[in-house]
Amino acid sequence: MSRHTIAILGGGPGGYEAALVAVQLGADVTVVDSDGLGGACVLTDCVPSKTLIETSNAMTLLNRSAGLGIASGGLATVNAARLYERITDLARAQSADITARLAAEGIKVIKAKGALAGPGTVRAGDAEIKADAVLIATGALPRVLPGAPPDGERILNWRQLYDLTELPRDLIVIGSGVTGAEFASAYQALGSRVTLVSSRDRVLPQEDEDAANHIEDVFRRRGMTVLGRSRAQSVTRDRDGVTVTLEDGRTLTGSHCLLTVGMIPRTEGCGLDEAGVKVDARGFIQVDRVSRTSVPGVYAAGDCTGVLMLASVAAMQGRIAMWHTLGEAVHPIRLDHVAATIFTDPEIATVGVTQRAVTAGEVSARVLKLPLATNPRAKMAGVHDGFVKLLSSPGSGRILGGVVVAPRASELILAVSMAVEQRLTVEQLAQTFAVYPSLSGSITEAARKLMEFTRDTP
Ligand SMILES: Cc1cc2nc3c(=O)[nH]c(=O)nc-3n(C[C@H](O)[C@H](O)[C@H](O)COP(=O)(O)OP(=O)(O)OC[C@H]3O[C@@H](n4cnc5c(N)ncnc54)[C@H](O)[C@@H]3O)c2cc1C
């Protein structure tokens, strides 16, 4: 029997994770990638930003160290050149690891810009690849605000930050979604003066309201200027700085401006129209829950589909596409169990049913919120901010969702995520051992309090 042939456009998590699954199942796999394996995830977005945030976390700790009894001889400062070099070195090394892994698995990689060229055909430079199935995983690009084209020096998108030679002295961040909040938090900790401009009432408008209000309060307490209901109209620059003009006529000045106003699909020139692949009103490729597009044999995964723009989701969509096309048993993707984190300080991690869905009457749930300030380990570490929130079904007592706002909430959320995925009840979580003293003790304590609440409420 001849081997199935798979062609994958894009070598980010959507593409390379799919390639690994397909080759494991015996397929002949070719990945066409233009910018480097690992994709924007590894080279410019997720990995570099999280590496920057590791340094900003260390700064926060150092600057809090006096309260822990450490005499450090003044404020720690950042060596920007060294910091950015570390970030880009680490990203390149991660991309090299992925390249080596794909080569070792026998996956062909073509470094070129590719496009669909008829049914089951991909063109990559001079090469034409015939394939039984094609996966498009070309990612997305930073949206440009009309009136504020980035120049890479003072008006920047997040992919241009690491080319700077210094820390922005006075940074204006436009956009208070996840990316804007993460960079505002990080640069504030690194020593920049930060102004965060939000067009909405509050930062992180799509997230848990308690968590968003909490982080906004933390930002303000630490000296950040947060401007709500302020829509930026244009950004101009002179030699030493930038001027941001808001729609209501106010102006702000700073040394640099970072634009975080969303993403657009990176599908131009991919031959979607010619092949008849349907896109939505914003240009994202339409897919079903097993990653099929409107054209038989053509799948899509990751940011180019606009489905929850997370590396973990991109990778799962890519794997599902391969399991489906190669005839494996496959579960359609479930987005209601995706665990996600906003890497501010403190971090905000979420999973499952949201309080917004409960308030809107879409789901019936009991909600319990427990501040972290009473947790003994938090006291020892000098942590005053944060909370644990659990949501449970009033009938079955099952854990439906949760929010953790804490240092390393990205790690702590696993316990709640397992409870949601494995359909554990409040009692089962409450009876689980947590280490004493530990921040995770607040998760089991919240479950115990939810049990009392469940007993008391008819
Ligand atoms: C600042 C920031 C921080 C983030 N942090 C996190 C995080 O902490 N956790 C998380 O889960 N997610 C995070 N994300 C989201 C995550 O980076 C994306 O969801 C992920 O990169 C999507 O993977 P992808 O494979 O769809 O696309 P990408 O990673 O963008 O990869 C696409 C690849 O396709 C290639 N390509 C594009 N067009 C073509 C073409 N025509 N021919 C050949 N190759 C092509 C590109 O060169 C690229 O290598 C973050 C995003 C941003 C912006």
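**Exercise 1.** Which residue's side chain meets that of Asp89 in a salt bridge?

*Solution.* Keep in mind that this is a predicted model. Start at Asp89: its side chain and that of Arg92 form a salt bridge, with 3.6 Å from N to O. Next, look at the positions: both residues sit in helix α4 (residues 80-104), 3 residues apart, which puts about one helical turn between them. Finally, check the surroundings: Asp89 is partly exposed at 38% relative accessible area, while Arg92 is exposed at 53%.

**Exercise 2.** Find the salt-bridge partner of Asp210, and decide whether Lys389 is buried or exposed.

*Solution.* First, the side chain of Asp210 meets that of Lys389 at 2.8 Å, N to O. Now place the two: Asp210 belongs to helix α6 (residues 209-221) and Lys389 to strand β22 (residues 387-392), so this pair links distant parts of the chain, 179 residues apart. For the last step, the cut-off for buried is under 20% relative accessible area. Lys389, at 1%, is therefore buried, whereas Asp210, at 28%, is partly exposed.

**Exercise 3.** Work out the strand order of the open sheet of 5 strands, then find a helix that packs on it.

*Solution.* Reading across, the order is β9-β16-β10-β11-β12, with parallel pairing. The edges are β9 (155-157) and β12 (225-227), each pairing on one side only. Inside the sheet, 5 bridges join β10 (residues 170-174) to β11 (residues 193-197). Helix α5 (residues 178-190) packs on this sheet and touches β10, β11 and β16 (256-259).

Note on methods
Residues are numbered from 1 along each chain as its sequence is written. This is a predicted model: local features need pLDDT of at least 70, side-chain atom pairs count only at pLDDT 80 or more; totals for chains, interfaces and linings use all residues. Side-chain values use heavy atoms; hydrogens and water are left out. Two strands pair if DSSP finds at least two bridges between them. Helices (H or I, at least four residues) and strands (E, at least two) are DSSP runs, numbered from the N terminus. Contact means heavy atoms within 4.5 Å. Axes are lines fitted to C-alpha atoms, for helices over the stretch in contact, and angles run from 0 to 180 degrees between N-to-C directions. A salt bridge is a side-chain nitrogen of Lys or Arg within 4 Å of a carboxyl oxygen of Asp or Glu. Buried means under 20% relative accessible area, exposed over 50%, partly exposed in between (1.4 Å probe, protein chains only).
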